[in-house]
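Let's take a walk through this model together, from the place where the chains meet down to a few odd backbone spots. Have the viewer open as you read.

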Amino acid sequence: MKLKLKKGLDLKIAGKITDMVPRHTDVRIFAVAPDDFPGLKPKVDVKEGDAVIAGSPLMHDKHHEEVKLVAPVSGTIKAVVRGERRKVIRVEIEKDDRDAIRQFDIASVSSRDDAMRLLAEAGLLAEIRQRPYDIVPNPEVAPRDIFVTAIDSAPLAVSPELSVADKTKQIQSAIDFLGKVTDGKIYISVRPETVLPEFKGAVKVEVTGAHPAGNAGVQAANIAPVNKGETIWTLDIVTLARIGELVMTGKREFSTIVAVTGPEVAQPCVITTFEGAQVAPLLKEAQLKDTNHHIRIISGNVLTGIVTEMDGFIHFPYRQLTVIAEGDDKAEFMGWASFSPAKASVSPTFPGHFSDKAFVPDARLNGGRRAMIMSGEYDKVIPMDILPEYLLKAIIGKNIDAMEKLGIYEIAPEDFGAAEYVDTSKLPLQQIVRDGLDYMREALE
Amino acid sequence: MNFLKKYLDRVRPNFEEGGKLHAFHSVFDGFDTFLFTPSTTSGARGAHIHDAIDSKRTMIIVVAALMPCFFFGMYNTGYQHQLALGHDTFPFWEMMLYGFLAIIPRVVVAYVVGLGIEFIVAQWRKEEIQEGFLVTGILIPMILPIETPLWMLAVATAFSVIFVKEVFGGTGYNVLNVALFTRAFLFFAYPAQMSGDKVFVATGTALGYGHAVPDGFTCATPLGQIATQTTDQLTLTGVDGKILTTWDAFIGLIPGSFGETSMLCILIGASILLLSRIADWRVMFSVFAGGLIMGWIANACATPTYPASYLTPIDQLLYGGFAFAAVFMATDPVTAARTTIGKYIYGFLIGVIAVIIRTYNNGYPEGAMLAVLLMNCFAPLIDWCVVQANISRRMRRTKVISKNA
């Protein structure tokens, strides 16, 4: 199956990885942040000083106790960091060298409930998202279809295929296993130049198009959109391979690659480590450029990532770090009148629009927040059959009926990343979408 | 520019909450963000980088696109004045200076009144000053006859900015085009001063410069003349009594509102707007298409009852405010239809209705203005239909699925 998406935007940003040979660095501290798993109400199962092994539960969901967040490494709990009103910010683990790993019981899995329980218990359900609402899937609901993406179309991202090229067996077992979970289809989306073979029991979708073409939700909206009352799962190929590893061996795989990218990185590179790694050692390996302006470290890509600090951590679902200039220390005289070719824009009023050179962005909004003035801007970068302006207005107006009719079940914040970038009015579109999804879920559940 | 930045940073505390100049914080903010790109950065989640385009640049591009028309308006005002005086020499710089002196008080009044209201409202709402009026303020004098009294211009601007824009929530929320509403307000409130054969040619001195034309001088615009003709042989004359040709109308050396006469300059402006993709080509294209088609129909069924029906479709586009409305008014994204299909319908109907009004209602040569304002009101309805189509597509999908299940 072929899927050609015409809308979207590929940004060319400096700091691309050229050498794909993974490096290794020793990271000692790892963390799991429950905020990275929307929809999950965390209850912490461990306390400071506890010994854990890779795969043992750190937190569980209050509503569905079997849904766990698990430790990515073996070691001791360094801290349970809490914020205001004792909200759990993250659980930090200091890694030891035992490399002990939990063995899950896979022999007794036969029914759908067993399969769900295994996924939930192993912390893998939490790494899948369901639509509607873009949250950790409800284990009581079997998904209509499952959409797996082997594409990361975000700026500076490396292809997820890099980590699964030698895992075709695991992927095949995962597909067989997920057949228990869904009666529908399992779609695996790839770029036409993929090295992945055809898998039995899955539909291979060759996707062409600019970002957000790689988002599983965007693909779903174009293949088989989510309707009211339906649920689909979205995950990426790496998670799929991990499910395969689990059902084949009973062990969770936590090792991952992290792409360290961005214009402020001296040697953009790929580093192997485990999920939830601390940022500092990774940046030490890739080295930051020697600058004296403020920088912004983003866990993830520049369009949808999360700000983190040097002593912060890689947030799920990202396997990427991007470092850019913050820009708040720049004094730019009449920037709106600039004809500098260094400014990137989708607008032909900037010479940079015609340049093919990778540009060096900073985190400034480049303007003041306004009401929606220009029309059709979002449509150009959201390849889905929805009317983004109207949906966003329905969300802002908290009109549940309109949100439903305009397709809120089909969207996730990440699908609006490129739209937020191009927006002349500088509106926080992804936050609006997140709030809308949460509001909708609260109202209906 | 560092000293300026330092100065702004030094005086900033005076304008902040509790400072003695807090009452002017919006004004300060406006100047500060105008001079220096705000250093506000993205939030912790969401897009971390943003496109360089913002609403300041967007609005300035529109103002830049208006400049050819503006400068030509200066020239034409001086030119028509020379003709009215009966001179047969046309010294370029003298005409430009006369035109400049004639228009500049109007621009100043429009900006002072409009921006003044915007500043006060922004201060009151504790918001940033919005750029929308940058465009409106230059549009207003350009679409008015040059002889419009300044006080009327001030009253109309104030009325429009307050009741058409601010009460709806400011830039981005208005239903009607503010500049056009100003024109319409004057047209209906002061018809004697706003139409007819006395206001479209500057006859007095401009701020003391130039010579006054003797009393009793009249010259109507081409569309004004057509309305009073009774034969199928239209004769349109200029200020000097010479016959006006299609070429004159294309270049724009005809009496009319200050910035609207030159098709050539409007086309230059249109190309700026289209190349910069600030304006939507769909709207612009379909207004012209609608005008041509309706102009052709009207011309095909021409009758002496409606003398304007003898105008060829091309002439319909060349005379009056049609082209200017198509390029600069209909394309205002806030008041136009916002859906892709809606834009075609919206534009097409503007073109059609503009020609219908000016052809079949001799009293209203300003069909383009009324057509845009009318369609401004209908744009939400057009969009509603397009949105409903999207919704019913989604609903149908749900039904098919629940049937199969």
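What follows is a short tour of a predicted model, taken one topic at a time.

## Where chains A and B meet

Start with the contact between the two chains. Chain A puts 76 residues into it and chain B puts in 59. The interface size is often quoted as the accessible area lost when the parts come together. Here, about 5800 Å² is buried between chain A and chain B, with carbon and sulfur atoms giving 55% of that. On the chain A side, Trp336(A), Arg370(A) and Ile373(A) lose the most area to chain B, and together they make up 14% of what that side buries.

There's plenty of polar chemistry here too. Between chain A and chain B, 38 residue pairs are in polar contact, and 6 salt bridges cross the interface. If you want one to click on, try Arg397(B) with Glu410(A), where the closest N and O atoms are 2.9 Å apart. As for secondary structure, β17 (295–299), β18 (306–308), α7, α8 (400–405) and α9 (417–422) of chain A each supply at least two residues of the side that touches chain B. The largest share comes from α9(A), with 4 residues.

## Arg364(A), between two chains

Which residues does Arg364(A) touch, leaving aside its neighbours within four places in sequence? In its own chain, the contacts are Glu326(A), Gly327(A), Lys330(A) and Glu332(A). From chain B come Thr37(B), Pro38(B), Ser39(B), Thr40(B), Thr41(B) and His50(B). Arg364(A) sits in the loop between β19 (320–325) and α7 (388–396) of chain A. Its relative accessibility is 4%, so Arg364(A) counts as buried, the cut-off being under 20%.

## Salt bridges in chain A

Side chains of opposite charge can pair when their charged atoms come close. Over all chains, the structure holds 46 salt bridges. A good one to look at is Arg252(A) with Glu127(A), at 3.6 Å between the closest N and O atoms. This pair ties together distant parts of the chain, 125 residues apart: Arg252(A) is in the loop between α5 (237–249) and β15 (255–261), and Glu127(A) is in the loop between α1 (112–121) and β10. Both Arg252(A) and Glu127(A) are buried. There's also a network in which salt bridges with shared partners join Lys330(A), Glu332(A), Lys343(A), Asp362(A) and Arg364(A).

Two other pairs involve residues close in number. Lys95(A) and Asp99(A) form a salt bridge, 3.5 Å from N to O, and Lys95(A) counts as buried because its relative accessibility is 10%. Arg98(A) pairs with Asp96(A), with the closest N and O atoms 2.8 Å apart. Arg98(A) has 49% relative accessibility, so it counts as partly exposed.

## A helix with a buried side

Now hop over to chain B and find helix α11, residues 263–275. At 1.5 Å a residue, its 13 residues should span 18 Å, and the end C-alpha atoms are 18 Å apart, so the two agree. Which residues of α11(B) are buried? They are Met263(B), Cys265(B), Ile266(B), Gly269(B), Ala270(B) and Leu273(B). They cover an arc of only 160° around the axis, which puts them on the same side of α11(B).

That fits a general rule: an α-helix has 3.6 residues a turn, so residues three or four places apart point the same way. What covers the buried residues of α11(B) includes α3 (55–85), α10 (246–251), α12 (281–300), α13 (313–318) and α14 (322–329) of chain B. After α11(B) comes Arg277(B), with a positive phi near 55°.

## Backbone oddities

Most residues other than glycine have a negative phi, and most peptide bonds are trans. Chain A has some exceptions worth a look. Leu156(A) has a positive phi of about 70°, and lies in the loop between β11 and α2 (161–164). With 11% relative accessibility, Leu156(A) counts as buried. Asn366(A) has a positive phi of about 60° and is found in the loop between β19 and α7. At 11% relative accessibility, Asn366(A) counts as buried.

As for cis peptide bonds, one runs from Arg131(A) to Pro132(A), with omega near 10°. Pro132(A) is in the loop between β10 (129–131) and β11 (145–149) of chain A. Another joins Phe316(A) and Pro317(A), with omega about 5°, and Pro317(A) lies in the loop between β18 and β19.

Methods. Residues are numbered from 1 along each chain as its sequence is written. Chains are lettered from A and ligands numbered from 1 in the order in which they are written. This is a predicted model: local features need pLDDT of at least 70, side-chain atom pairs count only at pLDDT 80 or more; totals for chains, interfaces and linings use all residues. Side-chain values use heavy atoms; hydrogens and water are left out. The expected span of a helix is 1.5 Å times one less than its number of residues. Buried means under 20% relative accessible area, exposed over 50%, partly exposed in between (1.4 Å probe, protein chains only). The arc is that of the directions from the helix axis to the C-beta atoms. Contact means heavy atoms within 4.5 Å. Buried area is the accessible area (1.4 Å probe) that two parts lose on being put together, summed over both. A salt bridge is a side-chain nitrogen of Lys or Arg within 4 Å of a carboxyl oxygen of Asp or Glu. A polar contact is a pair of N or O atoms within 3.5 Å; within protein, one must be able to donate a hydrogen and the other to accept it, and residues adjacent in sequence count only if both atoms are side-chain atoms.
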